[in-house]
Amino acid sequence: MIRNPLNLAKAPLRAWLQGPILVGCALYIHDYKGYLLPWDLEYFEILCAFSQALRSPDLLASVRLSPTAFLRHRYLTFPKLLTLMLSGMCGSIQQELDRFSANIQGSTDLQREVTAQAFSKARKGFSASVF
């Protein structure tokens, strides 16, 4: 492990969104403590494919329950909502939403960007068959 002097990433999601760093001929990624870890290219390709699948209009069209669901560009988009739900939520919905918002913004402080009621309403917009 190489210590990251800038300590850019405090959370795994932020590190994943930030992407790998090329150091010489090797790829590294930030872990949640700010360390640079060797990055497996095959793992990176899997994450890229997963990211593209989440953003696929075909996936959204196949699981959308309402023709108006996820058409507007809001904070809680379909890829963000699905990522949050797949992340293994184990706290209260509001607490997990606050943590998720903080991770996306790269902050260590909890951020209230979306309410539990908005999450529940958005969750009703797609079928559970996506899982």
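Helices and strands are here DSSP runs, a helix having at least four residues and a strand at least two, numbered from the N terminus. With that in mind, the tour may start from the whole chain, which is a predicted model.

**The whole chain**

Display the chain as a cartoon and follow the trace from the N terminus: the order of elements is β-α-β-β-β-α-α-α-α-α. In total, the chain holds 6 helices and 4 strands. Next, colour the residues by burial; of the 131 residues, 32% count as buried. If the surface is switched on, its accessible area comes to about 8,400 Å², and carbon and sulfur atoms account for 57% of that area. Among contacts between residues at least 6 apart in sequence, 50% join residues at least 24 apart.

**Helix H5: Asp 98 and Gln 94**

Select residues 93-105, which form helix H5, and locate Asp 98 within this helix. Is Asp 98 buried or exposed? Asp 98 counts as buried because its relative accessible area is 7%, under the 20% limit. Show the side chains as sticks: that of Asp 98 makes a polar contact with the side chain of Gln 94, at 2.9 Å. Beyond the residues up to four places away in sequence, Asp 98 touches Leu 110, Gln 111, Arg 112 and Val 114.

Now move to Gln 94, which also lies in helix H5. Gln 94 is buried, with a relative accessible area of 17%. Which backbone atom does the side chain of Gln 94 reach? It is the backbone nitrogen of Ala 116, at 2.9 Å. With residues up to four places away in sequence set aside, Gln 94 touches Arg 112, Val 114, Thr 115 and Ala 116. Arg 112 and Val 114 are thus touched by Asp 98 and also by Gln 94.

**The largest pocket**

Turn next to the largest pocket, which holds about 670 Å³ of space. Its lining has 25 residues, and the closest to the pocket centre are Phe 70, Arg 72, Arg 74, Leu 76 and Ala 122. Select helix H3 (57-63), helix H4 (78-86) and helix H6 (116-123), the elements that give two or more residues to the lining. The largest share, 3 residues, comes from H6. Coloured by kind, the lining residues divide into 13 nonpolar, 5 polar and 7 charged.

**Helix H4 and what follows**

Keep H4 selected and pick out its buried residues: Phe 78, Pro 79, Leu 81, Leu 82, Thr 83 and Leu 84. Just after H4, centre the view on Gly 88, where phi is positive at about 85°.

**The segment after H6: Val 130**

Select Val 130, in the segment after H6. Which residues does Val 130 touch, leaving out those up to four places away in sequence? They are Leu 59, Val 63, Phe 78 and Leu 82; Phe 78 and Leu 82 are among the buried residues of H4. A C-alpha to C-alpha distance drawn from Val 130 to Leu 54 reads 10.0 Å, although the two are 76 residues apart in sequence.

**The loop between H3 and H4: Ala 69**

The last stop is Ala 69, in the loop between H3 and H4. Ala 69 is buried, with a relative accessible area of 11%. Apart from neighbours within four places in sequence, Ala 69 is in contact with Arg 64 and Gly 125. Finally, draw a line between the C-alpha atoms of Ala 69 and Lys 121: these residues are 52 apart along the chain, and the separation is 9.8 Å.

Technical notes. Residues numbered from 1 in each chain as written. Predicted model: local features only at pLDDT ≥ 70, side-chain atom pairs only at ≥ 80, totals over all residues. Heavy atoms only, no water. Buried < 20%, exposed > 50% of the residue type's maximum accessible area, 1.4 Å probe, protein only. Contact = heavy atoms within 4.5 Å. Areas by Shrake-Rupley, 256 points an atom, 1.4 Å probe, with all protein chains shown as cover. Polar contact = N/O pair within 3.5 Å; in protein donor to acceptor, adjacent residues only side chain to side chain. 1 Å grid on protein atoms, 1.4 Å probe; cavity = no way out; pocket = protein on both sides within 12 Å on 5 of 7 lines; lining within 4 Å. Points joined across faces, edges and corners; volume = space filled by probe spheres on them. Nonpolar A, V, L, I, M, F, W, Y, C, P; charged D, E, K, R; others polar.
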